[in-house]
Structures are given as C-alpha cells and as structure tokens.
Amino acid sequence: MTTMTDPPKASFRLSMLLYDTRYRSITIQVIAMIALMLGALWLINNVRVNLALAGKPFEFGFLFESSGYEINQKLIEYSSQSTHLRAAAVGLLNTLLVATLGCIAATFLGVFVGVLRLSKNWVVSRLAAVYVETFRNVPLLLWISLSVVAYSHTLPEPREFRGDNPAATMSIFDSVAVTNRGVYAPEALFENSLGKASVLWDSLNIHLDWVAILSVLVSGLIVSSLIARRATNIQNATGVRPSTWHIRMAVVIIPPVIVALILGFHLGYPEMTRFSFKGGMLIRGSLIALWLALTLYTAAFIAEIVRAGIMAISKGQSEAAGALGIRPGKIMSLIVLPQAMRVIVPPLISQYLNLTKNSSLAVIAGYMDITSTLGGVTMNQTGRELESILLLMLCYLAISLSISSVMNFYNERTKLRER
Amino acid sequence: MKKTVFLGALTVAGLVAGAAAASTLDDVKARGKLNCGVSTGLVGFASPDANGRWEGYDVAVCRAVAAAVLGDKDAVEFVPLSSKTRFTALNSGEVDMLARNTTWTLSRDVDLKMEFVGVNYYDGQGFMVPKSLGVTSAKDLDGATICVQVGTTTELNLADYFRANNISYEPVPVENNAESQQQYLSGACDTLTTDRSALAATRAAFEKPDDHVVLPEIVSKEPLGPLVRHGDNAWGDIVRWTLNALISAEEFGITAANADELAKGTGNPEINRILGTEGTLGEMLGLDAGWAKAAIKASGNFGEIFEANVGESTPIGLSRGLNALWTDGGLIYSPPFR
C-alpha cells in the first residue's frame, strides 16, 4: 500500500530564474529583448540628438513647399510650382508604370524562354540557355547603362527627320517617329470633348472622354458574358451550343466605336518643329531603355523558374496527354503549364518584387521614378535626407507588400487542393 | 536587475560619445590628411591628369588649405562627389570641406546648414547649343530638350527662367558632367545648361569645339565658392582666410616664386602680416606663422591659379571678367589682413 503525495510545492525563488531550466530560457529571452530595445532606443535617440545639434529638426513640412523643378514624364499634372509631395507622387506613378510594364513583359518573355530551354531542338534550347546565363550573370546596372547608351546612339536624332531629303523617315504611314529621344506616336484627340473632371480635392484631373468610352466598353463586356452564360445554359439543356461569337464581338466593339465617333475621335500626329517633334504622344527613351533592361534581366530569372516548374510536373502527365492524341502545343498550354503554375508562382512573386525594387536604378537612365524625385532632387534641394529616405522606404515597402499580397491571393487560388 | 542598470549606463555613455564631436581642425591634424570634396571631373576645375593627380581651379583651393593646415599641399584625399551627394557627404563628415563649383544660396547657407566661406568664381548659368541649330538667344529655346544636372541650382533656375518667359522645355536629368556631355553629343538633348565656366570647360573637351556656341544670355547669378559644415566656426575661418590669403597675395604681388623671398621681410606691413613675419595672425587661427606662405606656395596666388587652370592661355580660355581683382574692375576682394 502506498500513499500518494503531491510533490513538494517549491516556492519561487529569484535564483531559479537563472538555475532552473524551466525559467532560464525565458530569462535569457527577456534580457535579450530588453537589450535589443535599449539598443534601438539608443540609436533613435542618437539620431534625434545629433539632428537637433545640427539644427535640423525631424519634420515633414518641406513636402508642402513648392518644388521648383520640372519633371519630364508626368502621368498627372505637375509643374515647378507644385509641391514636393506631388513631385513624389509623380515619381511614384512613374515607378509603378515601369514596374507594371516590366512585370508583364518579363513574364511573357520569361515563360517563352523557359519553354524554349526545354525544347528538343538543340539550337533553340542552347540559344535560350545562352540568353539566360548572359543576362542573369551580369549586374543589372550594366545592362541599364548599355541599354541607355545603345538607345541614344543607335537611333536617329530628331533633326535627321528634317529637310527635303531626310536621313531618317517616319514609319507606319508617316505616323510614328522612332528617335533617340523616344518614340513619337499619334495621340487620341476628341473634337467634341467632354472636358475634364477634378476629383480628390482637385488633385487629379480625369478625361471624361476616356471614362465614357471605358464605361461603355465594360458594360459591353458584361453583356457579352451574360450572352455566353445563356449559351452555356442552352448547351446544358439541349446539347447544342448556339453560335454567339459574332453577337458578342458586336456588343463589345460597336458601342465604344459609336461613342468615340460621337465625341469626334481623331488622331493627332507628331509634327516636326524647330527642335523636335511636337504633338502626338512621346514614349521617352529613358522609359524604353529602362523597361528593356529590366525586362531582359528579370525574364532570365523567370525563365529558370518556369523551366523548374515544368520539370517538376511528372512526365506521365504529358505522355498521357500524348496518348489521348493532344498536340504538343496544347499539351504545354492545357496540361503542363496550369500544373506548373503551382510551382512557379511563389518564386515568381519575389521576381516581381525584385523588378520593382530594381526599378530604383532608373536614375542611370534619367528616368524620373520616385527615387529620382523624392530620394534625389527633393532630398538634395531641401536637405531632408532622413525624412526623404524614410518616406522612400515606406513607399517601396507599401508597393512590395501590395504586390505580394495580390500574388499570394492568386497562389492561394491555384494551389493544389487535397481532399 | 544589475544588467539593466549596466545597459542603461552604457546607453548614456554611448549617447554622450555620439553627441560630442571633436573640432575639424584637430581631426584633420590627427589624420594628417585633408578630405576635400571635389567635382567628379570637370576639366580645368577638378579632374585627374594623365598620372591620376588631381588638378584644377577648385583642386588648388583644397591644396592651399592642406598646405596651410598641414604644411603639405599633397596631404589631400580628393573625394569626387556628384551634385546630388555633395551636401550629404559634407554634413556626415565624410569630407572636411567642399571645393566643388557650388553656388552660394540662402537656403543652402541657412536651411541645409552649410557655411560658405567666400566666392572663388563669380559665374552665371548659360546654355550651349550646336551651331547647326541656328539658335542665337535662349528665348528661342521654346520646346527644346535640355540636359540638366540633377540636384543643382541650375535645375531650379532653368524652371524659373522658362516659366518667367512663358516658354516650355523638356528636361533630361543627368547625374554628372560626363553623362551630360555624352547625352548632348549623341543628340539626346538639344541644349546643355550649367554654369558658363563649366560650359566653357566642357566645350573645350569636345572634338570640334567650334561646332557649338554658348548663348549670350546669363540667366542667373552663380557665385561659386568653397564651403564647410555649419557649426565649426574655427574651421570655417581657416578655409575662409586661406582663400583670402590667395586673393590678397595677388593684390600685393606675392607669387609662388617670390613668397620665400618676400618672407624675409619687406617694407609693406600687410605683406609681412600675410607671410607671418609680423603679427600673430597664424596663431589666432590656430596655425603656425607660415600658414599663408605655404598656401600661396602650393599652387600660386589667386591670379596664378586662375591663369594656370582656366585662364586665356588654357584650352578653356576664360577671361577674368568679374573674377578680376577689385583693383582691376572685378569683384574679387579680400578683407584686410590685420
């Protein structure tokens, strides 16, 4: 017969914090945390004290002073009388523009090259390999520099388009001029324009013409999808799918064309003036050169990701599809790629983030992104280094987190569901 | 508990150490080298020669200060800085002084916490265009594409000038002089704008300088001069009076060649005070008596420096103009050495 007794209840002593293994790890963590926080506090305080000593208080008032400098590429209205904040916004939009264009182009090119690398054709797969290895093993900075120099030195100057017997001529029915300053293309103009509307406390002006055309286009697309759904219902009921493509096309295309005609749509062509072309739309050389370099560089990485993704799909899948008589192109696009996406998407996210962050090298191309406006001219003219850099970091952080949350959402949608 | 107290003490100690800064003069003497911020390469003003030795009008100021403080005109570490990075470099202590064609403005002096110690070149902003364009006035530049260095007063003046004249332009931002030259020559921009002295220097480096003209308009006042950090007045005084010594030396005819001779004593008390044979001016600055003599011997007096680097006998070929001594109708003037 045994008596059960509780183990003696040890009263907590301070020394147990160090000698009792149950508490020791907690003690160490608490001390480490305190040390870390003190370190951070010291750094912050040091910055504050030194800034105060230098007579530069930490404040963001400079953002609301007029900037005094011009920006060449502006997606929203801006002049040298606008504020530094607006200059930063112009730069932010330019960053987003080149990042979006770059991500789209790099994805297409990367998938294309990735598939080519697996080609059974020796020349094609070797060429793809050479492309990948050259581009990803040379720093992006050099590619951007090369692309800028190549752009401004190989294409004709605007003045070569002048004269009776010009050295260079415009392409596509004399409407597009490809020069070393950029591509001058026709712009869309509206005779009976609806004008502009100010939104967001007059900070943005929106062309109502485009709003009208876009809204008609979107409603056309909605009607078209309703027609498609009806066709599916009929098919489910009767087994015969009615032919609807011509109706759907008409619903999407005709209304916007009618609206455009009512608004008096016509093209404004670039015309040669004393220095350069005037009128039309200018896609600047800096944007093209930067876009090209970012695309080619990132596509090399994406190609490898795509190749890895495709190789991760069991060979049995494509063999089974081949046994069913599906053609090789269809096997790739219908069987292999959709499954490979699950492997491809997560590393693809980080490539998109890289491309966006790499776009901060824009300054080499003379492209006015947010690093060049807020982190360049504004910082230099106002001398607010700390504030500008912190804001800049915040902007990139926000962009990167938005991209990764969107891509993670997509990844969640496409990932393998195990039941 | 004890650890926290210890860490707290460490924090306080670190704070005090972080806040206290030694004087720049002591730093320079302890280092045995002057860190001088210069342009990334502008022929005549600051550029390395074939042997990698920095030469130029601004470089001479650095050498004069090094000679005055350390007695050795070669005890200079030249730090090439772009227009964008120069102020941060100076403020963070990476360089002790800037001699980098920098315009003296109120906001830089007051808001950016710089201390301009004087003017060594009175300049103004101009435009250079290829002759073939047939432009004769800056007012004809409506619609032109203009290469401009970022982070400069040039950039702001340009926006002001075009707004005042109600004409438009397309800016092409460039990082440094070499890049703007390359862009301009490739035709990526119609016009190059910067200080007229720099335009002359850039043009002199072209293969065919005669194909390009500098337009007559001067759209701004650009007093260029050396500068130091705000807050260390003693160091500011040294750089200021070194520059003044070079100017006074020209006024009183002290040259690199005759400085030693005149230092034996002359009948002119001001020359004696500059060269340290009379009075205690060097001691007041915290330097030795021969400081100004060393500065003058480094690359000559103000006039000699001008002629050797950017004057009419050089490819840059600038005339003295506003940069002549006040006695010759220019603006260069030094307060008395007394």
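This is a short walk through chains A and B of a predicted model, one selection at a time.

**Stop 1: where the two chains meet**

Start by colouring chain A and chain B separately and looking at the place where they touch. On the chain A side, 47 residues are in contact with 49 residues of chain B. Together the two chains bury about 3800 Å², and 53% of that area is on carbon and sulfur atoms. Which three residues of chain A should you pick out here? Select Phe275(A), Asn380(A) and Gln381(A): they supply 18% of the area that chain A buries against chain B, more than any other three residues.

Now for the polar side of the interface. There are 13 residue pairs in polar contact between chain A and chain B, counting pairs with both residues at pLDDT 80 or more. To see which elements take part, highlight α2 (21–53), α5 (140–154), β9 (281–284) and α11 (370–382) of chain A; each supplies at least two residues of the side that touches chain B. The largest share comes from α2(A), with 10 residues.

Three salt bridges cross between chain A and chain B. To look at a salt bridge up close, show the side chains of Glu170(B) and Arg284(A), which meet at 2.4 Å, N to O.

**Stop 2: aromatic rings**

Next, show every Phe, Tyr and Trp side chain. Over all chains, the whole structure has 25 aromatic pairs. Try Phe58(A) and Phe60(A) to begin with: their ring centres are 5.4 Å apart and their planes stand at 80°, so this is an edge-to-face pair. How accessible are the two partners? Phe58(A) is partly exposed, at 43% relative accessible area, and Phe60(A) is also partly exposed, at 30%.

Then jump to Phe190(A) and Trp210(A). Here the centres lie 5.5 Å apart with the planes at 85°, so this pair is edge-to-face too. The two residues link distant parts of the chain, 20 residues apart: Phe190(A) is in strand β3 (residues 187–190), while Trp210(A) is in helix α6 (residues 208–238). Phe190(A) is buried, with a relative accessible area of 13%, whereas Trp210(A) is partly exposed at 40%.

Switch to chain B for a group of rings. Select Phe45(B), Tyr57(B), Tyr121(B), Phe302(B) and Phe306(B), and you have one aromatic cluster on screen. Keep Phe306(B) in view and add Arg320(B). What sits over the ring of Phe306(B)? The charged end of Arg320(B) does, 5.0 Å from the ring centre.

**Stop 3: a buried serine in chain B**

Clear the rings and centre on Ser334(B), in the segment after α14 (302–309) of chain B. Is Ser334(B) buried or exposed? With a relative accessibility of 7%, Ser334(B) falls under the 20% limit, so it counts as buried.

Leaving aside residues up to four places away in sequence, Ser334(B) touches Asn244(B), Ile247(B) and Ser248(B). Show these neighbours as sticks. The side chain of Ser334(B) makes a polar contact with the side chain of Ser248(B) at 2.9 Å. That same Ser334(B) side chain also reaches the backbone oxygen of Asn244(B), at 3.5 Å.

**Stop 4: salt bridges within the chains**

Last, bring up the charged side chains. The structure holds 26 salt bridges over all chains.

In chain A, select Lys74(A) and Glu70(A), whose closest N and O atoms are 3.4 Å apart in a salt bridge. Lys74(A) is partly exposed, with 34% relative accessible area, while Glu70(A) is buried at 18%.

Over in chain B, Asp74(B) forms a salt bridge with Arg63(B), with 3.2 Å between the closest N and O atoms. This pair links distant parts of the chain, 11 residues apart: Asp74(B) is in the loop between α3 (57–70) and β4 (76–81), and Arg63(B) is in helix α3. Asp74(B) is partly exposed at 39% relative accessibility, but Arg63(B) is buried at 5%.

For a contrast in setting, pick Glu261(B) and Lys264(B): they meet at 3.7 Å, N to O, and both are exposed.

Finish the tour back in chain A. Select Arg117(A), Glu133(A), Arg136(A), Glu304(A) and Arg307(A) together, and you are looking at residues linked in a network of salt bridges.

Note on methods. Residues are numbered from 1 along each chain as its sequence is written. Chains are lettered from A and ligands numbered from 1 in the order in which they are written. This is a predicted model: local features need pLDDT of at least 70, side-chain atom pairs count only at pLDDT 80 or more; totals for chains, interfaces and linings use all residues. Side-chain values use heavy atoms; hydrogens and water are left out. Rings of Phe, Tyr and Trp (its six-membered ring) pair if their centres lie within 6.5 Å; planes under 30 degrees apart count as stacked, over 60 as edge-to-face and the rest as tilted. Buried means under 20% relative accessible area, exposed over 50%, partly exposed in between (1.4 Å probe, protein chains only). Helices (H or I, at least four residues) and strands (E, at least two) are DSSP runs, numbered from the N terminus. A charge sits over a ring if NZ of Lys or CZ of Arg is within 6 Å of the ring centre and within 35 degrees of the ring normal. Contact means heavy atoms within 4.5 Å. Buried area is the accessible area (1.4 Å probe) that two parts lose on being put together, summed over both. A salt bridge is a side-chain nitrogen of Lys or Arg within 4 Å of a carboxyl oxygen of Asp or Glu. A polar contact is a pair of N or O atoms within 3.5 Å; within protein, one must be able to donate a hydrogen and the other to accept it, and residues adjacent in sequence count only if both atoms are side-chain atoms.
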